[in-house]
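User: I would like to go through this structure step by step. Please keep the answers short and explain each term when it comes up.
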Amino acid sequence: MRKQFLWMLAAILTLCGTMTALTSCSSSNDDDTAGTATGNGTLGQQLTGVWYGFYEANGTTTAQDVNTKATTTIAYSHVLEVYNFQYNGEGHVRRIFFNNTELKPLGMQGLAQFKYTSTVERPPVEDDDMGSGRVAVTWTDGTWKDNFSASLTLTYDDDNLTAVGIDGKQVVMLPASEEMASLIDDWSGISDGNAGAGAAAAGAGIISLEGIATLDWHGLLYLLEANKRAAIVGVTDYNLTDISVDSYHNTSFISTAQVYLISRIGPGAFRGLKHLRSINLTDCGIQEIGDEAFKGCKSLVTATIPASCTILGKEAYMDCTNLKTANMPGVKEMGKSCFENCPNMTTVTLSREGLVTIPKRAFFGCRGLMSLEIPDCVVTIEAEAFRNCAGFNPLILPKKLASVGDYSFESCTSLITLTCHNENMKFGKYAFANCTSLLTVTPGQFYSPIDETVFSGCYKLKVVPVGK
């Protein structure tokens, strides 16, 4: 039934206009104090933004027709539950209905306005634990508010937000990226919509296919873009475990055969999928993996990025706590914190051409990293890039490498031998501080000044390097 529905639902969505960026599920711990806050407390801060959940449910309801805006009774088979938490402690909830025979949303129940407070039951513990709590919702206004039976209390634990949907269904909500949030607004009829693309999606003739979103049987959501390119921007199944992405997505069911190259994974597309174990991108021609694309995928074991991919966004694999290997032969541009807090990662393979900078906190906290090879093309290693990487030895810094930033290798406690091939190397403060096993640094003299903190806490170091 699900497979049939996904194909029937394909080509219904239009994405147009722009939308103010919405923040969701920040990884930083702001206020660890337990208590109650309106909007900007511990949980209020983490939950700001749009959260969505897609699930099967059958029944009839009174809803607003997406075309005429008239109130009508509809029969549905699938539901999209959407909560939007705003910074001021207010928000709104929507419920959008689909069935197995229509190629478009049938109608929307809501907008129901609410105020919310968040009560912390267990504060965060260390960096990889976001705590838990409950979000209490109080209705204030909204269309059909008297008939709207959404959750009055939502639960938050281990980065998951769970709501109670129709018929008491437990619905796991995912944080929506900006693209996904805009798409949901189009579903809801909040934005103006793209009439041309909408007509094409409904089979009224090909005007412009750009902006149409389609679903495949994996439960992936594709956005069609210019030059027959497509992007993966979201999912409809929280329980996805293993995915294989094809190089091309055939959208022939739109009425005229169209084949699209999958060129990028959008920001936050797979964020928070706790059950995702593997994603096969080997035969996929993607060129970019967006910010936070796989953030918090705690069951993911391998990050195999095809050679075609040259851009890896910030926090792309952050908090993938079970990730063991990362292979990115073509990546020339890495965003900060892209592999931060992946403590079980043992091996990483970096591109040997074009990678100029290893960014701030790129591998921060990758304690299991057993070996590290810095490619000859790297010129800069930014602050904290390998901080708390306690497992690797030796370390060879290549000739072109001109600088390592503050705390870049601080607390790399297994490091014994450090070899630098550039005597003009510039060291940031505490760059190798607390490398408690470090015995030798070659050469022993550098042309640039060396701050006294660079090797502080390296108690076994036989000769502390100096600047000429």
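User: What percentage of the residues in the protein chain is buried?
Analyst: This is a predicted model, in which local features need pLDDT of at least 70 and side-chain atom pairs count only at pLDDT 80 or more, while totals for chains, interfaces and linings use all residues. Residues are numbered from 1 along each chain as its sequence is written, and side-chain values use heavy atoms, with hydrogens and water left out. Buried means under 20% relative accessible area, exposed over 50%, and partly exposed in between (1.4 Å probe, protein chains only). Of the 468 residues in the protein chain, the buried share is 54%.

User: How many helices and how many strands does the protein chain have?
Analyst: Both are DSSP runs numbered from the N terminus: helices are H or I with at least four residues, strands are E with at least two. The count for the protein chain is 4 helices and 32 strands.

User: How many aromatic pairs are found in the whole structure, and which one joins Y317 to F339: stacked or edge-to-face?
Analyst: Rings of Phe, Tyr and Trp (its six-membered ring) pair if their centres lie within 6.5 Å; planes under 30 degrees apart count as stacked, over 60 as edge-to-face and the rest as tilted. The search of the whole structure finds 20 aromatic pairs. For Y317 and F339, the centres are 5.2 Å apart and the planes differ by 5°, so the pair is stacked.

User: Why does the pair of Y317 and F339 tie together parts that are apart in sequence?
Analyst: Y317 lies in the loop between β20 (311–312) and β21 (325–327). F339 lies in the loop between β22 (333–334) and β23 (347–349), so the pair ties together parts that are 22 residues apart in sequence.

User: What is the relative accessible area of Y317, and what is that of F339?
Analyst: Y317 is buried, with a value of 2%. F339 is buried as well, and its relative accessible area is 0%.

User: Which loop holds F363, the stacked partner of F339?
Analyst: F339 and F363 form a stacked pair, with 5.4 Å centre to centre and 0° between the planes. The two residues are 24 residues apart, and both are buried. F363 is in the loop between β24 (357–358) and β25 (380–381).

User: Which residues touch the most other members of the largest nonpolar core?
Analyst: A nonpolar core is a set of buried Ala, Val, Leu, Ile, Met, Phe, Trp, Tyr and Cys residues joined through side-chain atoms within 4.5 Å. The largest core has 100 residues. Those that touch the most other members are F270, I289, F294, Y317, F339, F363 and F432.

User: How many residues are in the other core, which lies apart?
Analyst: Among the members of this other core are W51, I74, V93 and A112. The number of residues in it is 26.

User: Where is L323 found, and which residues does L323 touch?
Analyst: L323 is found in the loop between β20 and β21, and it is buried, with a relative accessible area of 0%. Contact means heavy atoms within 4.5 Å. Not counting residues up to four places away in sequence, L323 touches L300, V301, T302, A303, Y317, F339, C342, N344 and M345.

User: In β5, which residue is the bridge partner of L80?
Analyst: Two strands pair if DSSP finds at least two bridges between them. Strand β4 (residues 71–85) runs antiparallel to strand β3 (residues 49–65), with 14 bridges, and antiparallel to strand β5 (residues 90–98), with 8 bridges. In β4, L80 is the partner of F54. In β5, the bridge partner of L80 is I96.

User: How many residues of strand β4 are buried?
Analyst: Strand β4 has 15 residues and is mostly covered. The buried ones number 11.

User: Which side chains of strand β28 point to the face where they are buried?
Analyst: In a regular strand the side chains alternate between the two faces of the sheet. Along β28 (residues 417–420), T417 and T419 point to one face and are not buried. The buried side chains, on the other face, are L418 and C420.

User: Which strands stand at the edges of the open sheet β24-β25-β27-β29?
Analyst: The 4 strands of this sheet pair in the parallel sense. Each edge strand has a single partner strand, so one side of each is left without a neighbour in the sheet. The edge strands are β24 and β29 (426–427).
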